[in-house]
Amino acid sequence: HDFRTCGYFNSQKPKQIENTNFFVLIFEPKFTKNISDNVRKHCKYLYHSAPKSYLNKIIKKGLIPKSKNSLFFYPDRTFFMVGDKLNANQLDALKDIQNTRNTNIDLYSNIEDKEYVLLTIDISKLPNDVKFYCDPLAFGAIFTYDNIPPNAIINIEPFTL
């Protein structure tokens, strides 16, 4: 409770230290450094990977922050990779997320639930009040608590890793 009150959240499942009764809890700040000006100054595009099954909703409503990740626990956010082209570390991070999500999907789910798309977002088409923050767990990644309008999505391509 005290951590939440002071702006932190528990980001992962507690891990028991082997052969003890002790657990490790990992907390992160809800807000990291606001890097909105830097992102707008140095980047043209952002990249977001999403399950293909959500594509129709994304096309209609844009990206709305959610926290549907079974690997990490975090407040409702939308995560992006930055750069003119995704590098190997970014691709590895996205692949890990896809693999973790896929192992948690019921075997009887629609195959489309295991297919992904890569969305390219044009930063110049975003409202000026959209704020971006550093992702402390992934190099080259940022997040926002704000909605991303559908008109800012300029490219959609298959991206199952």
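In this predicted model, the side chains of Glu115 and Lys52 meet in a salt bridge, with 3.5 Å from N to O. A search of the whole structure turns up one salt bridge. Glu115 sits in the loop between α4 (88–103) and β7, and Lys52 in the loop between β5 and α3, so the pair ties together parts that are 63 residues apart in sequence. In general, side chains of opposite charge can pair when their charged atoms come close. Neither partner is fully hidden here: Glu115 counts as partly exposed because its relative accessibility is 28%, and Lys52 counts as partly exposed too, at 34% relative accessibility.

With that contact as a starting point, the overall layout of the chain can be introduced. Its secondary structure comes to four helices and 10 strands. Read from the N terminus, the elements follow the order α-β-β-β-β-α-β-α-β-α-β-β-β-β. The chain has 161 residues, and 36% of them are buried.

Six of the strands form an open sheet, in the order β8-β9-β6-β5-β7-β10 and with antiparallel pairing. At the edges stand β8 (133–134) and β10 (153–158); each has a single partner strand, so one side of each is left without a neighbour in the sheet.

Inside this sheet, strand β5 (residues 45–51) is a helpful place to pause. Strand β5 is joined to strand β7 (residues 116–122) by seven bridges, and the two run antiparallel. Three facing pairs show how these strands line up. His48 stands opposite Leu119 in β7, Ala50 stands opposite Val117 in β7, and Pro51 stands opposite Tyr116 in β7. Strand β5 is also linked to strand β6 (residues 78–82), through two bridges and again in an antiparallel arrangement. Within that pairing, Tyr47 has Met81 in β6 as its bridge partner. As for cover, β5 is mostly enclosed, with six of its seven residues buried.

How many of the residues of β7 are buried? For this strand the count is seven of the seven, so β7 is largely enclosed by the rest of the structure. The cover extends to both faces of the strand: on one side Tyr116, Leu118, Thr120 and Asp122 are buried, and on the other side Val117, Leu119 and Ile121 are buried as well. Besides its pairing with β5, strand β7 is joined to β10 by five bridges, and these two strands run antiparallel. One of the contacts in this pairing involves Leu118, whose bridge partner in β10 is Glu157.

The surface offers a contrasting view, beginning with charge. Lys57, Lys60, Lys61 and Lys66 gather there in a patch of positive charge. Among them, Lys57 is found in helix α3 (residues 55–61). Is Lys57 buried or exposed? Its relative accessible area is 56%, and since exposed means over 50%, Lys57 belongs to the exposed residues.

A second patch on the surface is nonpolar: Ile17, Phe22, Val24 and Ile26 make up an area of about 340 Å². One of its members, Phe22, lies in the loop between β2 (15–16) and β3 (23–24). With a relative accessibility of 58%, Phe22 counts as exposed.

A last point concerns Asn89, which lies in helix α4. This residue counts as exposed, at 53% relative accessibility. Asn89 and Ala138 are 49 residues apart along the chain, and their C-alpha atoms are separated by 8.8 Å.

Taken together, these results move from a charged pair to the sheet and then to the surface. The salt bridge links Glu115 with Lys52, the sheet holds six strands with antiparallel pairing, and the surface carries a patch of positive charge as well as a nonpolar one.

Definitions and conventions. Residues numbered from 1 in each chain as written. Predicted model: local features only at pLDDT ≥ 70, side-chain atom pairs only at ≥ 80, totals over all residues. Heavy atoms only, no water. Patch = residues over 30% accessible without salt bridge, like charges linked within 9 Å, V, L, I, M, F, W, Y side chains within 5 Å. Areas by Shrake-Rupley, 256 points an atom, 1.4 Å probe, with all protein chains shown as cover. Salt bridge = Lys/Arg side-chain N within 4 Å of Asp/Glu carboxyl O. Lys, Arg positive; Asp, Glu negative; His and termini not counted. Charge placed at Lys NZ, Arg CZ, Asp CG, Glu CD. Buried < 20%, exposed > 50% of the residue type's maximum accessible area, 1.4 Å probe, protein only. Pairing = 2+ DSSP bridges.
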